[in-house]
Amino acid sequence: MKLSRYLLPTLREAPSDADNVSAQLMQRAGMIRKVASGIYDWLPLGLRVLRKVEKIVREEMDAIGGQEVWLPVIQPKALWQETGRWGVYGKELLRLKDRKDAEFCFAPTAEEVITDLARKEIRSWRQLPAMFYQFGLKFRDEIRPRFGVMRAREFLMKDAYSFHADEKDISDYYVKVFNAYKKVFERCGLKFKPVEAQSGAIGGSYSHEFMVLAETGEETVVSCTKCDYGANIERAEIKAVEPQRPSLEKPAVEVFPTPGATSVDDVARLVQATAMEFLKIQLYMIDGKTPVLAILRGDHELNEAKLAAALGTPAVFRASEAQYAEALGCPVGYAGPQGHNGVKLIADHAIKTVPLGITGANQKDRHARNVALGRDYKPEGFFDLRTATPDDPCPRCGAKAEFFKGIEVGHTFKLGTKYSTALKAEYLDKDMKPQTMVMGCYGIGVSRVVAAAIEQGHDADGIIWPVALAPFSVSLIVIDELDDARVRPAVDTLVRELEAVGVEVLEDDRDAKPGVKFKDADLVGIPFRLVLSRKMLDADSVEFKRRGSKDVEKRPLAEAAKMLAGLVKAG
């Protein structure tokens with residue numbers, strides 16, 4: 001491909017609203033252009049990378065028996081009503097009407113549509129297991145789209161859904177998909193880690209996220225330094241602690257004044273205590289009416305996903321100031337776990353290390369010390385409710401855990417029968433009796449993989465692509481073409497030789513200064529650079545440089561194609 005004929009509008013400066021590295025570099029490198037908030041044009045260079053990711057994913061899905069389908073992006077309200085998600089999905093669901101006033105949504109996901117297909121077309125146990133996948137546009141009306149295509153409203157996703165006769169079959173197949181995902185990201189040349197995850201709005205009993213490790217990532221990954229345990233911060237387990245041996249003597253509760261001090265830190269400074277000596281409470285409302293008081297140690301932070309899991313509810317909602325005052329009898333910041341009727345108390349395991357705690361006195365401008373577990377308050381249960389910290393050991397082996405930043409690019413779920421039950425997706429077993437299909441769901445954000453690769457691979461000059469994802473393998477810089485009649489024939493011959501051995505070439509034949517060409521090649525991030533000029537031809541050589549390396553080498557011109565083919569194959 002000759003660059004003089006290629007739509008590659010590079011920019012010296014990133015647009016002012018590009019708020020992360022990938023958004024900046026994708027626009028500077030001429031890969032995308034913004035159309036509206038969270039909506040982008042993909043230009044030829046960006047689309048080439050997108051298709052490379054898609055090709056790798058397709059090959060690995062086919063390798064585990066996946067069958068590619070094409071599902072509609074406009075989905076009828078009736079299907080979403082059958083699963084109960086029409087009214088609960090939230091404002092991220094883009095709803096629309098046709099000319100007959102029939103209601104539809106623009107697909108943010110495809111569980112309803114694929115399950116509807118399965119219930120119509122799968123009849124017998126002989127057709128199971130079956131896995132169907134697609135590459136399709138998704139739309140989620142994010143309240144604040146950001147980070148370019150990383151958190152766009154419109155994005156390209158590979159979503160796959162499997163159907164099984166029983167739990168054992170889905171468990172066996174889940175392992176196949178898990179390993180296929182590892183192959184996908186290995187082939188993409190990315191540093192990644194699969195971690196245990198919360199299932200979120202999609203539901204299901206078991207899930208993993210695949211995180212590309214990058215300092216600019218939004219997610220926090222907890223990883224053991226010894227065993228293979230890994231989890232996102234929402235899911236990361238914390239080992240239950242051994243309770244402190246209770247004191248035979250339990251001093252009476254002592255109330256003391258704390259005017260204007262509502263936080264643990266404020267009160268700790270007043271009484272010269274550490275946060276570990278405090279009991280911290282947070283009030284939540286279940287179904288908008290049932291108060292639940294979560295109790296934590298003062299130096300810990302509540303994990304709402306864990307709280308929801310402990311309560312067996314899809315989501316929890318923090319009580320308003322008015323609800324707090326009504327349920328606990330005092331303003332926000334002054335309540336403790338003691339003396340409440342009609343309020344469910346649940347506690348994090350770590351409060352067992354605080355047999356006598358400092359906490360709110362349930363009065364304005366008052367706190368209390370010597371609040372005793374078992375005497376003054378009795379939780380209904382102890383759970384892992386808090387967010388992990390770097391001081392927490394691995395919950396599996398007890399070794400030290402590390403924290404990393406990551407970008408979620410894939411998610412796998414064991415859905416169970418949530419959707420198949422709602423939509424009555426059944427098959428006839430060997431005894432001709434109807435059984436509910438068991439489902440799995442597996443997604444990869446194809447457009448997000450492109451951005452994540454840039455977040456992981458870049459420097460001050462631009463993008464550094466893994467060879468497998470690079471839009472072109474070689475940037476061929478042409479110099480002195482107008483001054484030496486030998487250059488053009490030599491370039492044409494070299495391009496033919498490279499393409500004959502499967503090396504994709506972007507030939508920079510523009511009438512521009514060499515420095516401009518070199519800067520653009522670095523910005524676009526093509527892995528290997530060749531320079532052909534009068535000087536090189538005099539030496540029967542070609543100049544060779546790897547992207548990201550400072551070393552410039554001379555290589556024999558006659559061997560250039562073979563050399564590049566080997567480098568591309570090696571990745």
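**A pocket, a helix and its aromatic neighbours**

Lining the second largest pocket are 22 residues, with Thr-262, Lys-280, Ile-281, Tyr-324 and Gly-333 lying nearest its centre. A pocket here is an open set of points on a 1 Å grid over the protein atoms alone, with protein on both sides within 12 Å along at least five of seven lines, and lining residues have an atom within 4 Å of a point. Two or more lining residues come from each of helix 6 (264-271), strand 14 (279-286) and strand 18 (356-363); strand 14 gives the largest share, five residues. Helices (H or I, at least four residues) and strands (E, at least two) are DSSP runs numbered from the N terminus. The volume comes to about 370 Å³, taken as the space filled by probe spheres set on the grid points. By class, the lining splits into 12 nonpolar, eight polar and two charged residues, with Gly counted as polar and Tyr as nonpolar.

The model is a predicted one, in which local features need pLDDT of at least 70 and side-chain atom pairs pLDDT 80 or more, while totals for chains, interfaces and linings use all residues. Residues are numbered from 1 along each chain as its sequence is written, and side-chain values use heavy atoms, leaving out hydrogens and water.

Helix 5 (residues 167-187) runs for 21 residues and spans 30 Å from first to last C-alpha, close to the 30 Å expected at 1.5 Å a residue; the expected figure is 1.5 Å times one less than the number of residues. At its N-terminal end sits a cap from Asp-166, with a side-chain oxygen 3.3 Å from the backbone nitrogen of Lys-168 (polar contacts are N or O pairs within 3.5 Å). Just after helix 5, Gly-189 takes a positive phi of about 75°. The buried residues of the helix (under 20% relative accessible area, 1.4 Å probe) include Tyr-173, Phe-178, Tyr-181 and Phe-185.

As for aromatic pairs, the count is 13, with ring centres within 6.5 Å and tilted meaning planes neither under 30 degrees apart (stacked) nor over 60 (edge-to-face). Phe-132 and Phe-163 make a tilted pair, 6.3 Å centre to centre and 55° between the planes. That pair links strand 7 (residues 130-139) to strand 8 (residues 154-164), across 31 residues, and both rings belong to buried residues. Tyr-181 and Phe-210 are also tilted, at 5.3 Å and 55°. Tyr-181 lies in helix 5 and Phe-210 in strand 10 (residues 206-213), so this pair ties together parts 29 residues apart in sequence. Tyr-181 and Phe-210 are both buried, and ring pairs join them with Phe-178, Phe-185 and Phe-192 in a cluster.

Note on methods. Buried means under 20% relative accessible area, exposed over 50%, partly exposed in between (1.4 Å probe, protein chains only). A polar contact is a pair of N or O atoms within 3.5 Å; within protein, one must be able to donate a hydrogen and the other to accept it, and residues adjacent in sequence count only if both atoms are side-chain atoms. On a 1 Å grid over the protein atoms alone, a cavity is a set of points where a 1.4 Å probe fits but cannot get out, and a pocket is an open set with protein on both sides within 12 Å along at least five of seven lines; lining residues have an atom within 4 Å of a point. Rings of Phe, Tyr and Trp (its six-membered ring) pair if their centres lie within 6.5 Å; planes under 30 degrees apart count as stacked, over 60 as edge-to-face and the rest as tilted.
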